[in-house]
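Colleague: Please take a close look at the salt bridges in this model. Where do they sit, and which parts of the chain do they connect?

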Amino acid sequence: MTIARVGRGAPLLFSEWRPILAIVAVLSLLILCAGVAQDLSLYAGRKPDLSTKIWLLDVDVERSAFTWVSVLALFFCSRLLFQCGDDAAGRSSQFTWHWYFLGFLFLLLSFDEFTGLHEKLSAELAARSTNTGLLYFAWAAPAGILSLVGLAAFVPFIRSFPTSLAVLLAVSAALFLGGAVGFEMVGGSVAEAEGMESLRYRILANIEEGLELAGTLTFIYALLSYREITSGTR
C-alpha cells in the first residue's frame, strides 16, 4: 500500500494516504453496520438463536473482522509513533521519549485487542472484589484514572503541535477513551442487570468498539498530517 511507504526521510503526500485512510474508515463503518444489523435481528427476541450467528461480524469477539481492522490500525499507529520518535531523536527534541512511550503503548493496545488481555485482567480483579453498576467491569475505572493522569502529563506534548492537529489529538483521545472506558462502564452496568446477550448491551458494545476505532483512525490522520508537515512536502 502507498501509505506503508511513510518512513523517515521518505516523501509523504496528503493526496496519497488520504484515500487509503478514507477506504479503511468506510470499510470499518460497513462492517460495524453489518454487526449492528445482525445484533438487531438476533437479540431483539427474548432468547437469541446463536446457531445462525456470523461470528465474523461480532465486534465484541477477538476473531471478528472489525477486531482485526482495529488490531492493524493500532499497530500502524505504533509504527508511525516510533518513526516520529526517530525523527524527534534526530532533532534532539525534548519530546523524543513521549513518542517512544506512545509507540510502546499502542503496540500493547494492538496486542490486547486480539488477545483480550484486559478482559482476563478484569476477571481476575472481579474475583478479588465486589463490583456492581458502572464498576462491574473491574478494569475500566483504574484504566480511566490512569488515562486521565497520562493525558495531563502529555499536555505540553500536545501543545507543541499546530493548533489544528492539537485539537485532532484531543478529539482522538476523547473518542477512544469515551468508548474504551466510558461506554465500557455503561455497558458493564447493563451487563450486570440484563446479561451480555441483551440487545441493549449489544448496541452499547457496538458503539464502544466504533468509538475506539474512530479515535484510532483520527489519531492516524493527525500523525500522518504531522509527518507530512514536518517533512516539508505539504
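Modeller: The model is predicted, and its salt bridges come to 5 in total. One of them joins the side chains of arginine 202 and aspartate 39, with N to O at 3.3 Å. Arginine 202 belongs to helix α8 (residues 199–231) and aspartate 39 to helix α1 (residues 14–43), so this pair ties together parts that are 163 residues apart in sequence. Both arginine 202 and aspartate 39 are buried. Asp39 and Arg202 also belong to a network of salt bridges that takes in Lys53 and Asp58.

Helix α8 contributes to another pair: the side chains of arginine 227 and aspartate 87 form a salt bridge at 2.6 Å, N to O. Here arginine 227 in helix α8 is linked to aspartate 87 in helix α2 (residues 65–90), and the two residues are 140 apart, so distant parts of the chain are joined. Arginine 227 has a relative accessible area of 5% and aspartate 87 one of 16%; the cut-off for buried is under 20%, so both count as buried.

A further salt bridge is formed by arginine 200 and glutamate 194, whose closest N and O atoms are 2.6 Å apart. Arginine 200 is partly exposed, at a relative accessible area of 48%. Glutamate 194 is partly exposed as well, at 38%. As for why such pairs form, side chains of opposite charge can pair when their charged atoms come close.

Notes:
Residues numbered from 1 in each chain as written. Predicted model: local features only at pLDDT ≥ 70, side-chain atom pairs only at ≥ 80, totals over all residues. Heavy atoms only, no water. Salt bridge = Lys/Arg side-chain N within 4 Å of Asp/Glu carboxyl O. Helix = DSSP H or I, 4+ residues; strand = E, 2+ residues; numbered from the N terminus. Buried < 20%, exposed > 50% of the residue type's maximum accessible area, 1.4 Å probe, protein only.
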